[in-house]
Amino acid sequence: MNLKTLVWRELAERPSAMLTSTLTILLGVTALVAIRHVTVFSEREVGQQLQSLGANVLVLPKDATLQDYYSADLTDRTLPESHVSSILLENLAGVERLSPKLCVSAKVANRDVTLTGILPQSEFQAKAAWQSVSLFSNKHEGCKKAACGPKTYDAAPETLASERTIDQLKGNEAIIGADVAEFSGLKPGQTVELFGEKLQVLAVLPRTGTVDDSRVFAHLHTVQRLTNAGEVVNAIEVMGCCEDAAGGLVPKLAELLPDAKVVTISQVVSTQVGVNRLMSQMSLFVLGILVIVGGASVASTISSNVRERRREVGTLMALGATPSLVTRMFLLKAWALGIVGAVGGSVLGLIVAMVLGSQWAGVAVKPLPDLIALAIGAALVITTLAALWPARSAAKLDPCCCFQEV
Amino acid sequence: MFHLQDITKIYRRRQREVVAFKAPSLDIGLGEYVAVVGPSGSGKTTLLSMLGGMLSPDSGKVFFEGESLYDLPIAERTRRRRERIGFVFQTFNLVPYLTALENVQVPLFLHGVSKAEQRDRAVALLEQVGLGNRIEHKPSELSTGQQQRVALARTLANNPRLILADEPTGNLDPDSREAVLSLFDNFVREGRTIVMVTHDPAAAARASRRLCLNDGTLVVCEESPVAKAA
């Protein structure tokens, strides 16, 4: 016999007395775990989408839409390339990198591809030196997120797929997407003929599942020359050093380039961001409900248990139970129902999140141990606080009530 | 064992004061078997509660084995009660969801006895009261006489020097009543002390000393306890 046995025997004998409180905790934790899991994975999804989209801010021709840019990837509307220099010279806070692009249709192995002219980062360095400006020296001003600090650019050309920019690319070189490589059989070192000019394949990009797989990237000035487009681009992708800085960049860029349209990529996922925000607020609301309803339910259950067991508590005290042991006895009971509710709620919440996450939010949910531990911890703290007062009142019971007749 | 010095206990209800217990002086020696008789509401339970260290008097002192009981901190009084005093209740006060064995183990667990020793001693005590074959039964599965015997085994678990009994035979059939009183006789024969509150004249007659309580005032019974209790 010990305290745990004493508590467990009573719970096993009369589980229905604790059922309501356990159910309240269970439902609260279920809702909390389910909503937070879906929210976290939905936010990650948004993050991945933003990352896959690349730039934080897009500078487009005035009459182009974001939809034009992402769905067709081609537009005959252009911007002067000089806008790149304008942005560079302005040395705006938060700008990490620039990537001007000119996209045209081309054919490789009799298949339609998108030839995209890009400017390697080495040319920005050269341009900055030539124009006597400090390249992106102001980029971390206004950053609130330390995680968005400076990056080390990998010189490998394959990083173009993930970083959206490349360090080095010569005028006679091309980088091809995975689909293009597959249907044309081209490999690094071979040449690809575009608009009658042979370009050496520098690298094949890893498959990304995006339009980049069917692109051929070449130097911007080569594409401009081959297509007689002049010194123009379709879009300038501006990578902000972090989300905060990117948000502040839009009005500055719009002011700097009044003939261009400046949009943030986050607009693409704005609906999902809104839903995530709502779900975050909802999880706080559920936590509030759990605290109030769950806490009140536990307090009520333990209080009525103390009332029902007055004579039993009196007898235990007559037999030598200390007030602290009586307090612990009722707290242990509260913890037992808190643990059952929290663990059951976590499992149920996880199942709900895994099922509904994919159906409702289109995200694959996996267990987040930290979140589950936090939910269980919160439920235990709530049950402890709620049971503290009735448990202490039990310890203050008059032991003489053991002499009362039934 | 006990020395009560000018004890008064007053209950206050709706601005009215009722003297629940009053005793100018009372000594109960080691090995005494004291029966306290009196009508309902005369203060018998108040006396037991004060002797058990559970109810402090409004005035006066209760000395238990030379120490002023209510000058000790609550934890110390609890320890004294756990180690030296056994209680017997009219309605047995067994924990309903515990088996007979577990009920007897409760005071041992409160005393910090190891699990194995708890079980050995509880089994021995239940065998001593003739319930060796009922150790896994819950109180609801036992007769009232058997329940009181489990309660007695629980009372004896920590080998107390004193038993405070509240109407121990009140709910029992004659056989069970006799078994309880025989156990009390043996307990006193071992040099230990019993203070028993009872309405039962025959039970009171077994005591070596009889005290009468009337309207909260404790006096030595002047007449036959049988007549007084009746």
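How many residues sit between β3(A) and β4(A) in their hairpin? Two strands, one turn, and the answer is 2 residues. I'll start there and work outwards. One thing up front: this is a predicted model, so everything I say is about a prediction.

Okay, the hairpin. Strand β3 of chain A covers residues 95-108, strand β4 of chain A covers residues 111-118, and they pair antiparallel over 8 bridges. If you want a spot to click on, take Leu102(A), whose bridge partner in β4(A) is Gly117(A). Now look at the turn. Ala109(A) has a positive phi of about 55 degrees. Asn110(A) is in that loop between β3 and β4 of chain A as well, and its phi is positive too, about 60 degrees, although Asn110(A) is not a glycine. Is Asn110(A) buried or exposed? It counts as exposed, because it has 7 C-beta neighbours inside 10 Å and the cut-off for exposed is 12 or fewer.

β4(A) has another partner. On top of the hairpin, 5 bridges join β4(A) to strand β8 of chain A, residues 215-219, and this pairing is parallel. Here the pair to look at is Leu115(A) with Val216(A) in β8(A). Hang on to Leu115(A), we'll meet that residue again.

Staying in chain A for a moment, go to helix α4, residues 82-90. The buried residues of that helix are His83(A), Val84(A) and Ile87(A). They lie on the same side of α4(A), because they cover an arc of only 110 degrees around the axis. Right after α4(A) comes Asn91(A), with a positive phi of about 50 degrees.

Let me zoom out to the chains. Chain A has 13 helices and 11 strands, and 42% of its 406 residues are buried. Chain B has 8 helices and 10 strands, with 50% of its 230 residues buried. On contacts: in chain A, taking those between residues at least 6 apart in sequence, 84% join residues at least 24 apart. For chain B, residues 24 or more positions apart account for 71% of the contacts with a separation of 6 or more.

And how confident is the predictor about chain A? The mean pLDDT of chain A is 81, and 81% of its residues reach 70 or more. The stretch I'd flag is residues 144-153 of chain A, where pLDDT is below 50; beyond near neighbours in sequence, that stretch has 10 contacts in the model.

Next, the cores. Nonpolar side chains tend to be buried together in soluble globular proteins. In this model the largest nonpolar core has 120 residues, and the ones with the most contacts inside it are Phe330(A), Val34(B), Val36(B) and Met196(B). Which element gives the largest share of this core? That would be helix α2 of chain A, residues 16-53, with 13 residues. If you centre your view on Val34(B), then, leaving aside neighbours within four places in sequence, its contacts include Ile28(B), Ile194(B), Val195(B) and Met196(B). There's also a second, separate core of 49 residues, and here Leu115(A) comes back, along with Leu98(A), Val201(A) and Val262(A) among its members.

So where do the chains touch? The contact takes 19 residues from chain A and 27 residues from chain B. On the chain A side, the elements giving two or more residues are α1, residues 3-13, and α11, residues 310-318. α11(A) gives the most, with 4 residues. By class, that side of chain A has 9 nonpolar, 4 polar and 6 charged residues.

Last stop, chain B around strand β7, residues 162-166, where we find Leu162(B). Leu162(B) is buried, because 24 other C-beta atoms lie within 10 Å and the cut-off is 20 or more. Beyond four places in sequence, Leu162(B) touches Met1(B), Arg84(B), Ile85(B), Arg192(B) and Thr193(B). Its C-alpha is also 8.7 Å from that of Gly31(B), with the two positions 131 residues apart along the chain. Then there's Glu167(B), in the loop between β7 and α6 of chain B. Glu167(B) is not a glycine, yet its phi is positive, near 45 degrees. Unlike exposed Asn110(A), Glu167(B) is buried, with 22 other C-beta atoms within 10 Å.

That's the tour, happy to take questions.

Note on methods:
Residues numbered from 1 in each chain as written. Chains lettered and ligands numbered in written order. Predicted model: local features only at pLDDT ≥ 70, side-chain atom pairs only at ≥ 80, totals over all residues. Contact = placed C-beta atoms within 7 Å. Nonpolar A, V, L, I, M, F, W, Y, C, P; charged D, E, K, R; others polar. Pairing = 2+ DSSP bridges. Arc of directions from axis to C-beta. Core = buried A, V, L, I, M, F, W, Y, C linked by C-beta atoms within 7 Å. pLDDT = per-residue confidence, 0-100.
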